[in-house]
Amino acid sequence: MGEQKKEAVGTPGGRRIADIILECRNLWKIYGKIVAVKDVSLEVKEGDIKLIFGPSGSGKSTLARCLAMLTTPTKGDVFLMGECLTKPGVDLNKARAKIGFVFQHIWLFHHLSALGNIELGLRRVLKLPKNEAREQAIQALKEVKMEEWANHFPAQLSGGQQQRVGIARALAMSPEIIILDEPTSALDPELTGEVIDTLRDLAKKGTTMLVISHEMPFAREVADEMIFLDEGMIVERGQPELFFTKPSSERARRFMARLIKLTRRE
Ligand SMILES: Nc1ncnc2c1ncn2[C@@H]1O[C@H](COP(=O)(O)OP(=O)(O)O)[C@@H](O)[C@H]1O
Ligand SMILES: [Mg+2]
């Protein structure tokens, strides 16, 4: 696997091998009596696509939010480009700007156009001058093939288009990594495809991503590693083929069987 990646260095659209972008070590998140994340360690290297999946309530969103430092872990450490974000005195706003986050429930400001939604962060967080913000926002819309919709308001866009604007908003900040928390699960099945196509395009460009998703064909095609979470713990992890052929844990086997059955029914 490592060798394969090395060969891809320098090839157009190919993946690069490089350093660890985002990492957590022995991460825990506890809410009162609920242990949402239990001793999770993982790392995402440059160009990697990690796919996290697991039953509802297994801690996927909590883990993603801890990795982006949108919530503070109870125990354990998070590192972004080698910098520990969980020690006191870190400029978290600066760190958060380097981690793009796409939410399950799309939220865009309704009084702003697609372009306006993207420009906002560029102006407020990155403090870019107006022209530069506009240029960068348009470029981001191009990446998700939404430039023609730049001046439309969220209400004039389909759910899939709104989610693509959400992805463009994350991309526009030139983050080191994009974390997507079930980006298609709030969409009708017919709108899921266009968002998955967008993610596939980003994958081809070598974008570093951590995706929470149950879109199994997509996972099989693009993920470098799949991580199965249950009850806050990593139960099993490995290359996609492992899960599609012979997961070693009973829990992963049962969950995969259920997912595959659901996909067939759709
Ligand atoms: N802010 C919170 N306060 C209390 N409990 C929470 C909070 N967020 C999540 N939980 C609990 O943590 C567990 C994991 O939730 P979550 O990370 O949302 O799982 P998933 O995304 O896999 O569905 C659940 O039991 C959930 O009820
Ligand atoms: Mg969730």
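This is a tour of a predicted model, going from the whole chain to the sheet, the ligand shell, helix H2 and the nonpolar core.

**Whole protein**

Start with everything shown as a cartoon. The protein has 10 helices and 10 strands. Its C-alpha atoms fill a box of roughly 55 × 50 × 45 Å along the principal axes. A compact globule of 266 residues would have a radius of gyration near 18 Å, and the protein agrees because its own value is 18 Å. Of the 266 residues, 40% count as buried. Among contacts between residues at least 6 apart in sequence, 65% join residues at least 24 apart.

**The open sheet**

Next, select strands E1, E2, E4 and E5. These 4 strands form an open sheet in the order E2-E1-E4-E5, with antiparallel pairing. The edges are E2 and E5 (83–84), each of which pairs on one side only. Inside the sheet, pick out E1 (residues 20–31) and E4 (residues 75–80), which are joined in the antiparallel sense by 5 bridges. To see one of the bridged pairs, show Leu22 with its partner in E4, Leu80.

**Around ligand 1**

Now display ligand 1 and the residues around it: Tyr31, Ile34, Ala36, Gly54, Ser56, Gly57, Ser58, Gly59, Lys60, Ser61 and Thr62. By class, this shell has 3 nonpolar, 7 polar and 1 charged residues. Which elements supply at least two residues each? Strand E2 (34–45) and helix H2 do. H2 gives the most to the shell, with 3 residues.

**Helix H2**

Stay on H2 and select residues 60–67. The helix is mostly covered, with 8 of its 8 residues buried. Lys60, Ser61 and Thr62, listed above in the shell around ligand 1, are among these buried residues. So are Leu63, Ala64, Arg65, Cys66 and Leu67. After the helix, stop at Met69, where phi is positive, near 55°.

**The nonpolar core**

From Leu67, move into the largest nonpolar core, which has 68 residues. Leu67, Ala168 and Ile179 have the most contacts inside this core. Select helix H6 (residues 159–172) next: H6 gives the most to the core, with 6 residues.

End at Ile179. What is Ile179 in contact with, leaving aside its neighbours within four places in sequence? Its partners include Ala64 and Leu67, both of which belong to the buried set in H2. The other contacts of Ile179 are Ala68, Ile99, Gly100, Phe101 and Leu210.

Notes: Residues are numbered from 1 along each chain as its sequence is written. Chains are lettered from A and ligands numbered from 1 in the order in which they are written. This is a predicted model: local features need pLDDT of at least 70, side-chain atom pairs count only at pLDDT 80 or more; totals for chains, interfaces and linings use all residues. A nonpolar core is a set of buried Ala, Val, Leu, Ile, Met, Phe, Trp, Tyr and Cys residues joined through C-beta atoms within 7 Å. A residue is buried if 20 or more other C-beta atoms lie within 10 Å of its own, exposed if 12 or fewer, and partly exposed in between; C-beta atoms are placed from the backbone. Two residues are in contact if their C-beta atoms, placed from the backbone, lie within 7 Å. A residue is near a molecule or strand if its C-beta atom, placed from the backbone, lies within 6 Å of it. Ala, Val, Leu, Ile, Met, Phe, Trp, Tyr, Cys and Pro count as nonpolar, Asp, Glu, Lys and Arg as charged, and the others, Gly among them, as polar. The radius of gyration is taken over C-alpha atoms; the globule rule is 2.2 Å times the number of residues to the power 0.38. Two strands pair if DSSP finds at least two bridges between them.
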